[in-house]
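Here is a short tour of one protein model, written for someone opening it for the first time. Keep the structure view open as you read, and follow along residue by residue.

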Amino acid sequence: MAEEFKEWVVARWSIAPERDMKKYGHPAMFPEKLVERVLKLFSYQDDVILDPFNGVGTTTTVARRLNRRFIGIDISEEYCKKAEDRLKNLTINETFKKLNIKVSKV
Ligand SMILES: C[S@@+](CC[C@H](N)C(=O)[O-])C[C@H]1O[C@@H](n2cnc3c(N)ncnc32)[C@H](O)[C@@H]1O
C-alpha cells in the first residue's frame, strides 16, 4: 500500500482506455484502474464517494469493491439502471468468491 502510494504520486500514469464500452452501451467510460487509483490515493475505507456524473457506474462499482460508501448520480435513467446492475453483479460475484463457487459455461 505504501509502495503503491509512492509509485502513484511520482509517476506518470499510463492506463489503457476502458474496453467494455460496447458491453455497457456508454461512449465515455472511465477505466476501473483509474478510479481505483484515485480512490485509494484520496479516500479511506468507509468514506463517502460522490460522483455526480456517474454514467454506468464505474466509480460506484470500484467504491463498493474498495469498501467505500458511495452516491452515484446521472441524468440518464438508463445509465443509472446499468450502474445498479453492475453493483448487483459485483455483489453476486463477491458472494460466489467468498463461498469459493466457480461458475463455468457448459
Ligand atoms: C463522461 S460520462 C461519465 C462516465 C462514467 N465515469 C463511467 O465510467 O460510466 C458523463 C456522464 O454525465 C452525465 N450527465 C451529463 N449531464 C448531466 C447532468 N446535468 N446531471 C447529471 N449527469 C449528467 C451523462 O449522462 C454521462 O453519463
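## A walk through the model

Let's begin at the tail end: Asn100 sits in the segment after α5. A quick word before going on: this is a predicted model. Back to Asn100, whose phi is near 55°, a positive value in a residue other than glycine. Is Asn100 buried or exposed? Asn100 counts as exposed, because there are 6 C-beta neighbours inside 10 Å.

Lys102 belongs to the segment after α5 too. With 7 C-beta neighbours inside 10 Å, Lys102 also counts as exposed. If you look back along the chain from there, Thr91 is eleven residues away, and the C-alpha atoms of Lys102 and Thr91 are separated by 15 Å.

### The overall picture

Now zoom out. The protein has five helices and two strands, and from the N terminus on, they come in the order α-α-α-β-α-β-α. The C-alpha trace spans about 45 × 35 × 25 Å along its principal axes. The chain in question has 106 residues, and buried ones make up 17% of them. As for contacts with a separation of 6 or more, 44% are accounted for by residues 24 or more positions apart.

### Helix α4 and what covers it

A good place to linger is helix α4, made of residues 58-65. How many of its eight residues are buried? The count is six, so the helix is mostly covered. The buried ones are Thr58, Thr59, Thr60, Thr61, Val62 and Ala63. Among the elements that cover these buried residues are two helices, α3 (32-42) and α5, together with two strands, β1 (48-51) and β2 (69-72).

Two of those neighbours are helices that pack against α4, and the table puts the two pairs side by side.

| Helix pair | Packing angle | Axes apart |
|---|---|---|
| α3 and α4 | about 55° | 9 Å |
| α4 and α5 | about 25° | 9 Å |

Take α3 and α4 to start with. At an angle of about 55°, these helices are oblique to each other, and their crossing is right-handed. On the α3 side, the contact is made by Glu32, Val35, Glu36 and Leu39, while α4 brings in Thr58, Thr59, Val62 and Ala63. Sorted by class, this contact has four nonpolar, two polar and two charged residues.

There's a handy rule for reading lists like these. An α-helix has 3.6 residues a turn, so residues three or four places apart point the same way.

Next come α4 and α5. Why do these two helices count as roughly parallel? Their packing angle is about 25°, and angles under 35 degrees count as roughly parallel, so that is the label α4 and α5 get. Their crossing is right-handed. Here Thr60, Thr61, Arg64 and Arg65 of α4 meet Ala83, Arg86, Leu87 and Leu90 of α5. The residues in this contact divide into three nonpolar, two polar and three charged.

### Just past α4

Step off the end of α4 and you run into Asn67, which comes just after the helix. Asn67 is found in the loop between α4 and β2. What is notable about its backbone is phi, which is near 60°, a positive value in a residue other than glycine. Asn67 is exposed, because 10 other C-beta atoms lie within 10 Å.

### Cys80 in α5

Over in helix α5, which covers residues 77-98, you'll find Cys80. Cys80 is partly exposed, with 18 other C-beta atoms within 10 Å. How far apart in space are Cys80 and Arg12? From C-alpha to C-alpha they are 32 Å apart, with their positions 68 residues apart in sequence.

### Around the ligand

One last stop: the ligand. How many residues surround the ligand, and which are the closest? There are 15 of them, and the closest are Met29, Phe53, Gly55, Thr58 and Ile75. Thr58 is a familiar name by now: this residue is one of the buried residues of α4 and takes part in the contact with α3. By class, the shell around the ligand is made up of nine nonpolar, five polar and one charged residues.

Conventions. Residues numbered from 1 in each chain as written. Predicted model: local features only at pLDDT ≥ 70, side-chain atom pairs only at ≥ 80, totals over all residues. Near = placed C-beta within 6 Å. Nonpolar A, V, L, I, M, F, W, Y, C, P; charged D, E, K, R; others polar. Helix = DSSP H or I, 4+ residues; strand = E, 2+ residues; numbered from the N terminus. Buried ≥ 20, exposed ≤ 12 C-beta atoms within 10 Å, placed from the backbone. Contact = placed C-beta atoms within 7 Å. Axes fitted to C-alpha atoms, helices over the stretch in contact; angles between N-to-C directions. Parallel < 35°, antiparallel > 145°, perpendicular 65-115°, else oblique. Left-handed = near helix turned anticlockwise from the far one by under 90°.
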